[in-house]
Amino acid sequence: MTKDTTVLLNEKRIFNPNAETVEKANVKDWEAEIEKGKDFKRYWAEKAEQFHWFKKWDTVLDDSNKPFYKWFTGGRINLTYNAVDRWIKTEKRNQVAILYANENGDEKKVTYYELYLAVNKFANRLKNLGVKKGERVAMYLPMCPELLVAMLACAKIGAVHNVIYSGLSVGAVVERINDSKAKILVTADGTFRRGKVIELKKITDEALLRCPTVETTIVVEHTGTPIKTSDLSGKEIFYRRFMEKETAECEPEPMESEDPLFILYTSGSTGKPKGVLHTTAGYMVGVATTTRNIFDIHNDDLWWCTGDVGWITGHSYAVYGPLLLGTTTLIYEGAPDFPGPGIWWEIVEKYGVTKFYTSPTAIRHLMRYGNKYPNSYDLSSLKVLGTVGEPMNPEAWMWFYKNIGGEKAPIMDTWWQTETGMHLIAPLPSTALKPGSVTKPFPGIDADIVDEEGNSVPLGKGGYLVVRNPWPAMFRTLYKDKQRYLDTYWNKIPGVYTAGDMARRDEDGYFWIQGRSDDVLKIAGHRVGTAEVESAFVSHPAVAEAAVIGKSDPIKGQVIKAFVILKEGYKLKTRLMENQTKLIEDLERHLRYELGPVAVVGEIVQVDSLPKTRSGKIMRRVLRAQENGEDLGDTSTLED
Ligand code: PRX
């Protein structure tokens, strides 16, 4: 082990796996497992055997219509049967499936058997409401057991869930519900956040005025905030009543392997959010295998993924991965530093969390409060740690490793995306780690770094991160937009999946992720498209045009820097007639209203013009270069 000094761009430290971890590990020899994965169809087929199939697949991979790959065709399977029903016939029946905790110190434990009953009731009620296989059910809920019940109920009957992160706001909710044409919305009265209740129901009340497809809304009484009864029109029903007197038997729908499981919206570089579509069997195989091997899951684990279920991290690794393995998953509702910066460590100690998966932004945030918080708790139960969402800087890695992992729990820095469904580049507990590197592709994954023509670049050189072979949990298309699917991911560099990230590989073949190659920001790990933020700015009456770039931020990674052209007569400091706030404050409020608190504004600058190409496209590259004090590059296409 080398000295603890942080060398950002030339990180040379290596942390060899500890013998005790390796001895217990599901996969003891990383390189040998990678070797096995080279015969990737066979590798994944073996992994698919772990599930209960109503009918086994005929073909592992159908690649006759690339890039519309199909996995395990001919098979019939049900995710919920495998994640819940299967366990109630075993000794796990009365084991806790979901351990819910929140910032008020409340807790709820839901056993596999209780989960089974709740899911069946919910599923039966959805059927009574006329929800058919393939129809969409939207969810806008806090981190709470009912969210998992609703998702699993959809999967049980073959309805397609569309979970909307509860930190998004009216505009984003409307867009996602309408694009998916959801028939049902499941929401809650509110969510707890830093001692306050955010009234989600108020947000959906407003959103639903613009969502004609929603026939029924189910409202979870989560915070106990009174809801005006007039709001509960005939189209709405409380969760508790919804579940009353319903029979608790529900046959799982034998889904075809390629039947859609869920749509999850994410930001792209242009226009409206993309509906990433995932299907059933391959997704199950991918998330269960990665959860088991990367986090080395065993029967006695208590698993905690802090990622919100409203994003892919929560879908794959707070819900489906752990439940498919029969593990207890801890769901926490609240901020990492409320009521105090020790709250997460208090929870680890209280419940004896063994595997802990979080984000670099959360670590950087908690690191700022110093070592005294983690050091005052017993964190010795932790065996494996993990991070996801953005590059992990070596400083934060070291802090996490020492203060949280006690220099014995390895850190799994996992690279993946909403689109990939599962981890694609990540170590295993038996891997030698380098702080800041995501190490090597998971067994069965053929990732590479290439130039614009698709040629592999030499070691040490930066390039586009691509994947050369298909993998089971890959998304299958963008909902109702095949062309965008092809154009965004497959046509840029023919024959390979282009992830939209830049990366380099070092002399040991370890991957280092450098960031996005497109106009997508990563704010506290959340993906925010510049085009969406620009549209939100322009929808304000005082704004004529806007261009947005990322501004680096020591904690959040990036925040928004906006350049706005205001309409005649406005200045950022102008006081607005109605409420006497300044325009600049109103712009920030407007953005929060449209997009939610994920859209963190760092700076708004008023400008007279924006750099554009002759065809009128904003050249954000020029703004970025200017911001970073770099050379403006080729400006021959610049209009002015
Ligand atoms: O830029 C990469 C970054 O997050 C993007 C995917 O974002 P999203 O679909 O929201 O999913 C986040 C959770 C899977 C990637 O294109 N990213 C994700 N993981 C890492 C990362 N960047 C660096 N290191 C990672 N481990």
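**Exercise 1. The surroundings of T477**

Which residues does T477 touch, not counting residues up to four places away in sequence? Then place T477 in its strand, and decide whether T477 is buried or exposed.

*Solution.*
Step 1. This is a predicted model. In it, T477 touches F68, G275, V276, L277, K482 and Y485.
Step 2. Find the strand. T477 sits in β23, which covers residues 477-478.
Step 3. Check the accessibility. The relative accessibility of T477 is 12%. Buried means under 20%. T477 therefore counts as buried.

**Exercise 2. The sheet that holds β23**

Give the order of the strands in the open sheet, and find its edge strands. Then describe how β14 and β15 pair.

*Solution.*
Step 1. List the strands. The open sheet has 8 of them, in the order β12-β11-β8-β6-β7-β14-β15-β23. Their pairing is mixed.
Step 2. Look at the ends. The edge strands are β12 (236-238) and β23, and each pairs on one side only.
Step 3. Move inward to one pair. β14 (residues 260-266) and β15 (residues 274-279) run antiparallel to each other, with 6 bridges between them.
Step 4. Pick out a position. I263 stands opposite L277 in β15. L277 is also one of the residues that T477 touches.

**Exercise 3. The ligand and its shell**

How many residues surround the ligand, and which are the closest? Sort the shell by residue class, then list polar contacts of the ligand.

*Solution.*
Step 1. Count the shell. The ligand is surrounded by 18 residues. The closest are D413, T414, T418, R516 and R527.
Step 2. Sort them. The shell has 7 nonpolar, 5 polar and 6 charged residues.
Step 3. Link the shell to elements. α11 (312-324) and β25 (511-516) each supply at least two of its residues.
Step 4. Take the side chains. An N or O atom in the side chain of T418 lies 2.5 Å from a ligand oxygen. For the side chain of Q417, the distance from such an atom to a ligand oxygen is 2.9 Å.
Step 5. Take the backbone. A ligand nitrogen is 3.2 Å from a polar backbone atom of G389.
Step 6. Find the cover. On its own, the ligand has 540 Å² of accessible area, and the protein covers 96% of this.

**Exercise 4. Helix α17**

Is helix α17 mostly covered or mostly uncovered? Name its buried residues.

*Solution.*
Step 1. Count. α17 spans residues 530-538, and 7 of its 9 residues are buried. The helix is mostly covered.
Step 2. Name them. The buried residues of α17 are T530, A531, E532, V533, E534, A536 and F537.

Terms used:
Residues are numbered from 1 along each chain as its sequence is written. This is a predicted model: local features need pLDDT of at least 70, side-chain atom pairs count only at pLDDT 80 or more; totals for chains, interfaces and linings use all residues. Side-chain values use heavy atoms; hydrogens and water are left out. Helices (H or I, at least four residues) and strands (E, at least two) are DSSP runs, numbered from the N terminus. Buried means under 20% relative accessible area, exposed over 50%, partly exposed in between (1.4 Å probe, protein chains only). Contact means heavy atoms within 4.5 Å. A residue is near a molecule or strand if one of its heavy atoms lies within 4 Å of it. A polar contact is a pair of N or O atoms within 3.5 Å; within protein, one must be able to donate a hydrogen and the other to accept it, and residues adjacent in sequence count only if both atoms are side-chain atoms. Accessible areas come from the Shrake-Rupley method with a 1.4 Å probe; for residues, only the protein chains shown count as cover. Ala, Val, Leu, Ile, Met, Phe, Trp, Tyr, Cys and Pro count as nonpolar, Asp, Glu, Lys and Arg as charged, and the others, Gly among them, as polar. Two strands pair if DSSP finds at least two bridges between them.
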